[in-house]
Amino acid sequence: MTEAPLVVVLGEAADPPPGIEAAERDVRLRYAADIEQLAASGADAVYFWDGAREELASAWPSLERVRWIQTASAGVDGLLFPGLVDSDVVVTNARGVFDEPIAEWVIGMLLAFSTDTPTTLSLQREARWEHRETRRLAGSRLVVVGPGPIGRAAARKARALGMEVAAVGRTAREDPDLGTVAPIERLHEVLATADHVLDAMPLTPATSGVFDAAAFAAMQASAVFVNVGRGGTVDEPAMIEALRAGGIAGAALDVFAQEPLPPESPLWSMPNVVVSPHMCGDHFGWEREVVDIFVDNAGRFARGEPLRNLVDTRLGFGVG
């Protein structure tokens, strides 16, 4: 009888992912507390539940048996490096778990800025009664940059609220949720039409620093910028300057160039900024949903069947 594949979970055995024991029907599970233990494990596959994915490159020469890597996140930046990209190792992610929760958070931020909720809370703390007029979301225009599953989920919810939606992606195409997707070469042109801009891009060499000073200059002064993609897609000093100078009206940020966001960052104290600690998709129960994808894929891996949530390692994001 052929021995079941060995899947090494990067994490602590004393604190296992919820529900992971179900995978033991199909594979053998072992834990590695760090990259050094992983390198010595003889793994056939790796589940990145916890730990520094960036360190995988150092262990790569010792992982010649690995044929599959599953990550517990939707994003794969930090995991990919030339040796992995050039190999035949299959990479899968947790795509699908976070789309709707993140989209709900995006809509919550758009509503907060449209109704001027940050100012209302500030005035409440000062016991000040100051009547103001606010904006409506209905009829306003959302531009989604990064028309993947998260961008599409946000677009569906925005349309349900009566908003207009436009999108920018790598190439021009038609999309059932986003309508006409403009190519990245037209980014600034499309940004100029936005009341709200959603950055839902993965971090790849092609998306690094896409939101630079020129991109923020292209936006209307009344526009609100929301980032649920990756901090590296934004030139953070350029964004801060745009916020300070009134180039854009505000920003809701869940991801940053450096995480945790350093205490000295001016973003913490800017009145027109919402700082969220990379948690906009972490709803109650998300860990079990992520593990369920792994358990399903572990069975597929053991049986030699196609895996779910495939990542194109050269493009740097999920494709199937």
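**Sheets, helices and cores in the predicted model**

Val290 is buried, with a relative accessible area of 0%. This value, like those that follow, comes from a predicted model. The residue belongs to helix α10. Apart from neighbours within four places in sequence, Val290 contacts Tyr47, Trp49, Ala72, Ala94, Val97 and Phe98. Between the C-alpha atoms of Val290 and Ser58 the distance is 26 Å, at a sequence separation of 232 residues.

Helix α10 (286-303) contributes two or more residues to the largest nonpolar core. Its buried residues are Val290, Val291, Ile293, Phe294, Val295, Asn297, Ala298, Gly299 and Phe301. Packing of these buried residues is against β1, β2 (28-32), β3, β4 and β5 (90-92). In an α-helix there are 3.6 residues a turn, so residues three or four places apart point the same way. The 18 residues of α10, at 1.5 Å a residue, should span 26 Å, and the end C-alpha atoms are 26 Å apart, so the expected and modelled spans agree. After α10 comes Gly304, which has a positive phi, near 75°.

The strands that α10 packs against form an open sheet of 5 strands, in the order β2-β1-β3-β4-β5 and with parallel pairing. At its edges are β2 and β5, each of which pairs on one side only. The average turn between neighbouring strands in this sheet, direction ignored, is 20°. Strands β3 and β4 run parallel and are joined by 4 bridges. Opposite Val46 stands Ile69 of β4. Helix α10 lies across β1, β2, β3, β4 and β5, and runs at about 165° to β4.

The loop between β4 (68-71) and α3 (82-85) contains Ser73. The side chain of Ser73 makes a polar contact of 3.2 Å with the side chain of Thr71. The Ser73 side chain also reaches the backbone oxygen of Gly75, at 2.6 Å. Beyond its neighbours within four places in sequence, Ser73 has Arg53, Asn93 and Ala94 as contacts. Ala94 is also among the contacts of Val290.

A second open sheet, of 8 strands, has mixed pairing and the order β8-β9-β7-β6-β10-β11-β12-β13. Its edge strands are β8 (173-175) and β13 (273-275), each paired on one side only. From one strand to the next, the twist averages 20°. In this sheet β10 stands between β6 and β11. Strand β10 runs parallel to β6, to which 4 bridges join it, and 4 bridges also join β10 to β11, again in parallel. On the β6 side, Val145 has Asp199 in β10 as its bridge partner. On the β11 side, Val197 is partnered by Phe225, and His196 stands opposite Val224.

The side chains of a regular strand alternate between the two faces of the sheet. In β10 (residues 196-199), His196 and Leu198 point one way and Val197 and Asp199 the other, and all are buried.

Two helices are placed against the 8-stranded sheet. Helix α4 lies across β6, β10, β11, β12 (250-253) and β13, running at about 155° to β12. Helix α6 packs on the sheet and touches β6, β7, β8, β9 (179-183) and β10, with its direction at about 165° to that of β7.

Nonpolar side chains in soluble globular proteins tend to be buried together. The largest nonpolar core of the model has 50 residues, and Tyr47, Val106, Leu198, Val226, Val228 and Phe294 have the most contacts inside it. Elements that give two or more residues to this core are β1 (6-10), β3 (45-48), α4 (99-114), β6 (141-145), α6 (149-160), β7 (164-169), β11 (224-227) and α10 (286-303). The most is given by α4, with 8 residues.

Leu198, one of the residues with the most contacts inside the core, touches Val106, Leu142, Val143, Val144, Val145, Gly151, Ala154, Val226 and Val228, neighbours within four places in sequence being left aside. Another core, of 31 residues, lies apart from the largest one and includes Leu191, Val210, Ala242 and Leu243.

Notes. Residues are numbered from 1 along each chain as its sequence is written. This is a predicted model: local features need pLDDT of at least 70, side-chain atom pairs count only at pLDDT 80 or more; totals for chains, interfaces and linings use all residues. Side-chain values use heavy atoms; hydrogens and water are left out. A polar contact is a pair of N or O atoms within 3.5 Å; within protein, one must be able to donate a hydrogen and the other to accept it, and residues adjacent in sequence count only if both atoms are side-chain atoms. Contact means heavy atoms within 4.5 Å. A nonpolar core is a set of buried Ala, Val, Leu, Ile, Met, Phe, Trp, Tyr and Cys residues joined through side-chain atoms within 4.5 Å. Buried means under 20% relative accessible area, exposed over 50%, partly exposed in between (1.4 Å probe, protein chains only). The expected span of a helix is 1.5 Å times one less than its number of residues. Two strands pair if DSSP finds at least two bridges between them. Axes are lines fitted to C-alpha atoms, for helices over the stretch in contact, and angles run from 0 to 180 degrees between N-to-C directions.
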